[in-house]
Amino acid sequence: MSDVRYAAKLSGPITTYDEGAEPMGKPGKKLAKLKAKAVKKVKKKKTKKTVTKKTKPKPKKAADKKADEAPESVPGKVEEKNVPRHSTAEEMASRQREISVAEFFTKNRHLLGFDNPRKALLTTIKEGVDNSLDACEEAGILPDVKVIIAPNQEEDRFRVTIEDNGPGILKKQIPKIFAKLLYGSKFHRLKMSRGQQGIGISAAGMYGQLTTGKPISITSKTSHNKPAHYYQLEIDTKRNEPRIIVDETIEWPVERGTKVEIELEAKYQKGRQSVEEYLEQTAIANPHVLLQFVTPEGETKKYKRASNELPVQPKEIKPHPYGVELGVLIKMLHDTNARTLQSFLHSEFSRVSSSVAKAICDKAKLFERARPTRIARQEADNLFKAINQTKIMNPRTDCLSPIGEELILAGLKKQIEADFYTSVTRPPSVYRGNPFQIEAGLAYGGSLSAEGLARVLRYANRVPLLYQQSACAMTKSVLNTAWRNYALSQSAGALPSGPLVIVVHMASVWVPFTSESKEAVAHYPEIIKEVRLALQECGRRLSVFVRRRRKAAESQRKKDYIQQYIPHIAIALREMLELTERQETTLVKQLTDVLERSRS
Amino acid sequence: MSKLATQIKDTAESVCTKIQQKSKPTLAFPLRSLSNVNYHPKQGFFQLKGKKKVRTLTVGTVKTFAQTLRMMSQAKTLVEDDEIMTKREAYYVSKNWDDARFDEQPESDTVIDDIESLFQVNREQLGFIPEEKGGEIAGKLIVIDRDSDTKKKLEIDCTKFGSGAYSIPISVEHLKFETKAKFVLAIETAGMFQRLVKHNYWRKANCILVSMGGVPTRACRRFIRRLSDELKLPVYAFVDCDPYGMFNIYRTLKVGSGNAAHINRYFCVPKATFLGVTPQDIVDYKLPTHPLKDVDIKRAKDALKNDPFVKHYKPWQDSIKQLLEMGVRAEQQAFAVHNLNYVIEHYLPEKLSSPKKFLP
């Protein structure tokens, strides 16, 4: 059941399929109408039952059917013959059933980034690499990740292997982590990490299983003196539970680490939004990572490590009162161990001291020693309003681990050959009670193409975002920045043009993505503003460089210009005044002196 | 050495001296625009007011400066050798100048115009001749020219070209004239000219017909000017009724242009008057019209504000205002609406019967 609850939280539509259990609002009315009609048509009932039996009683279909029938039950079509078959409440109840989150995402795999074979390949690798990096960093290990895409006999199938030198995974945890959706350590805590939801790698495995029928293989070793575990897992989509195909202990000659292998239907392509691009961008934002990539052609690419410094491990924090929604507040009031309202507020939230808790209680006109469970039933609404009216300090920011200005530079310099680099890390800020921090970097000139628009690299918690550029708040900020002030050209509503790469990174305990596939950041004004401020600072530094360079080029051009044309003045004068060649040479020298002097 | 060659040499000398003194050489050109001319009916043409544009040799001007000096040197050679060169040829000669060469002909034309104004002469005197054709003549005029080989006298009777016409040569200074005509009619379009030639209008009206073909070239203006001066013939302009016909064509014919102000004294016809088509003619003859274009309106307003010639003549100001108020323009061929030869049978005779009603 717990899975469904999370799924419901993630994605509204699920609840509507569940309406039989808890009829709500409009659908309830429709049900009543249908019931009334159904009583008249007892005769037809039998034939219909057979029909429904034939069709697989999938919950979603039931919902579709209801939607189809509803408009037809509009008054006006009274004649019994023409009235299409209707269902009774009982029949409908027989079709109404719980949906497993796995089933839901099987149908809606585009929500997770598996829209097409090309994107599926990228998403699979991305989820694997993200997990590896998170695990390594949390364990304090400098990540060393290897990605292999091996071709299959069939052209549209590949075997993807992601191997890391991380801490490994305990045997009993492996099946759930890799073959159960929405299982993980990262969803419930407020701490900056790449993964957030606990869907990614198991969804990738599910996609592989769905398109090739092959299970996902996991090899993991937690210590050099322990054996490695080897698993082959499938996901039971109906129950969202792992099914173990192979469970062995094997020899694996590594210190420790985890290896994930997935066979899937995919398409391997180079260029934009490719695996290479993802890895390159990952290398930029994660200079402490050593990445190796073996292409289907067997070529090995290495993305070297540019820093031996691990990112500071962010601390986990409690939720900030401003970021809590009413429903969540009620649930927290329900579940707390605290005896009084005041201690509840103080202990469950960050930045709420006893006195602030008291102030909130007073504002809500609630007794600070009241039992939290009682409040949950009756006065949670008042409490919620009071919280938002009370001034509370911003959340602590040690839960964030920005890349840092120096390492952004190192990453950029490692992957992009340019003439000018700069980076800015903004102080932390807050949206909806969630702390976040924006960083930006620029690379300009050098080997970058002067033609066309700037390239924007977007990152959320160090993970490159390759899709949905135009839907992203970061892109919007880039567009809204007046780049012309910084000596670049920019058409209205477009990216600036020139040999420029723009990096934007958002670090947050909870990055507000627009969808589960984590491709674009939602448009919170606080985020847009912070990105803009970071870009403006970078822009100012860039403009100093660009202007200085232009000036130097201009003065060189002038110098060339003088040398080009002065001889002609001397020639003309010699012709008109019948001067000697020596006089002509003297004139050139004198003229050059005169102009050189005036140049500065 | 001719006076002009000496002038060129003196200028070169001054530039050279400045350089030897280690200071920046300069060349002072009269500013060639309407803002630098004034108009006195006594002289009858636009005269330079004396504003000068001083071109100092700097990094920014070094290219044009070099080109100007090289072109000056070219002019000096032409003058000394009594040779000529078309503007196009001058452009090609510059191709020998490496980096100082001209990429397009308008660039070299501008430099030639600069030199011309620098020495206050016309470019033909410097040896540069234009590519353009001078206009056409039909009617009661005998042009006396010389055969360039035999130097024998040639008498050209302009009544004897049938349905064709005599072309005005690029240089007209050596020509002499004989005529019994009463006036010169300068016509804007070749189409109208053809109609009048076809029906031998010159015989009927006892006149000389000139086709200007848009804005008259220098040679055409000079030719008409000499007819006006030496034969004491009145000159009537017959152009479209729009700001282009009135100012770009008629005003240039009569008083010259701002751009060529330094040579206006030779190249305009101060005694020319404006026969039509006037805005009042549009009303009187019920001519079909077109609405004024934005550029027409701009040109008309500009003339009212900046043109010293218009500012001097109240009737012109009134006519422009009338035209702007009507918001329309009419072409000289619009008389065809009544009858193909309406212009010969009615319009021209009627207008010519009262020359005092012409615009100045």
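The following legends describe close-up views of a predicted model with two chains, A and B.

**Figure 1. Overall content of chain A and its confidence in the predicted model.** Chain A contains 20 helices and 16 strands. Of its 600 residues, 40% are buried. Among contacts in chain A with a separation of 6 or more, 72% join residues 24 or more positions apart. The average pLDDT of chain A is 82, and 84% of the residues score at least 70. Residues 1-74 of chain A keep a pLDDT under 50 throughout. For this stretch of chain A, the model has 62 contacts beyond four places in sequence.

**Figure 2. Overall content of chain B and its confidence in the predicted model.** The secondary structure of chain B consists of 14 helices and 17 strands. Chain B has 360 residues, of which 41% are buried. Pairs 24 or more positions apart account for 73% of the contacts in chain B with a separation of 6 or more. The pLDDT of chain B averages 89, with 99% of the residues at a score of at least 70.

**Figure 3. The contact between chain A and chain B.** Chain A contributes 22 residues to this contact, and chain B contributes 25 residues. On the side of chain A that touches chain B, helix 19 (525-577) and helix 20 (581-599) each supply at least two residues. Helix 19 of chain A gives the most to that side, with 14 residues. By class, the residues of chain A that touch chain B comprise 14 nonpolar, four polar and four charged. For the model, the scores are ipTM 0.73 and pTM 0.57.

**Figure 4. Packing of helix 2 against helix 4 in chain B.** Helix 2 (residues 62-81) and helix 4 (residues 105-118) of chain B pack at an angle of about 70 degrees, and their axes are 10 Å apart. Helix 2 of chain B is therefore roughly perpendicular to helix 4 of chain B, because angles of 65 to 115 degrees count as roughly perpendicular. The crossing of these two helices of chain B is right-handed. From helix 2 of chain B, the contact is made by B:Gln67, B:Thr68, B:Met71, B:Met72 and B:Ala75. Helix 4 of chain B meets them with B:Val111, B:Ile112, B:Asp114 and B:Ile115. Sorted by class, the contact of helix 2 with helix 4 of chain B has six nonpolar, two polar and one charged residues.

**Figure 5. Packing of helix 9 against helix 11 in chain B.** The axes of helix 9 (residues 243-255) and helix 11 (residues 294-306) of chain B are 9 Å apart, and the two helices pack at an angle of about 50 degrees. Helix 9 of chain B is thus oblique to helix 11 of chain B. The crossing of helix 9 and helix 11 of chain B is left-handed. In helix 9 of chain B, the residues B:Pro243, B:Tyr244 and B:Phe247 take part, and in helix 11 of chain B they meet B:Asp296, B:Arg299, B:Ala300 and B:Ala303. The contact of helix 9 with helix 11 of chain B includes five nonpolar, no polar and two charged residues.

**Figure 6. Surroundings of A:Pro151 in strand 1 of chain A.** A:Pro151 is found in strand 1 of chain A, which covers residues 144-151. A:Pro151 is partly exposed, because 14 other C-beta atoms lie within 10 Å. Apart from its neighbours within four places in sequence, A:Pro151 is in contact with A:Phe158 and A:Pro296. The C-alpha atoms of A:Pro151 and A:Gly298 are separated by 9.3 Å, although these residues are 147 residues apart along the chain.

**Figure 7. Surroundings of A:Lys414 in helix 17 of chain A.** A:Lys414 lies in helix 17 of chain A, formed by residues 405-415. With 17 other C-beta atoms within 10 Å, A:Lys414 is partly exposed. This class applies because a residue is buried if 20 or more other C-beta atoms lie within 10 Å of its own and exposed if 12 or fewer do, with partly exposed in between. Not counting residues up to four places away in sequence, A:Lys414 touches A:Ala283, A:Pro287, A:Lys304 and A:Ala306. Of these contacts, A:Lys304 is 110 residues from A:Lys414 along the chain, and the C-alpha atoms of the pair are separated by 8.0 Å.

How values were computed. Residues are numbered from 1 along each chain as its sequence is written. Chains are lettered from A and ligands numbered from 1 in the order in which they are written. This is a predicted model: local features need pLDDT of at least 70, side-chain atom pairs count only at pLDDT 80 or more; totals for chains, interfaces and linings use all residues. Axes are lines fitted to C-alpha atoms, for helices over the stretch in contact, and angles run from 0 to 180 degrees between N-to-C directions. Helices (H or I, at least four residues) and strands (E, at least two) are DSSP runs, numbered from the N terminus. Angles under 35 degrees count as roughly parallel, over 145 as roughly antiparallel, 65 to 115 as roughly perpendicular and the rest as oblique. A crossing is left-handed if the near helix is turned anticlockwise from the far one by less than a right angle, and right-handed if clockwise. Two residues are in contact if their C-beta atoms, placed from the backbone, lie within 7 Å. Ala, Val, Leu, Ile, Met, Phe, Trp, Tyr, Cys and Pro count as nonpolar, Asp, Glu, Lys and Arg as charged, and the others, Gly among them, as polar. pLDDT is the predictor's confidence in each residue, from 0 to 100.
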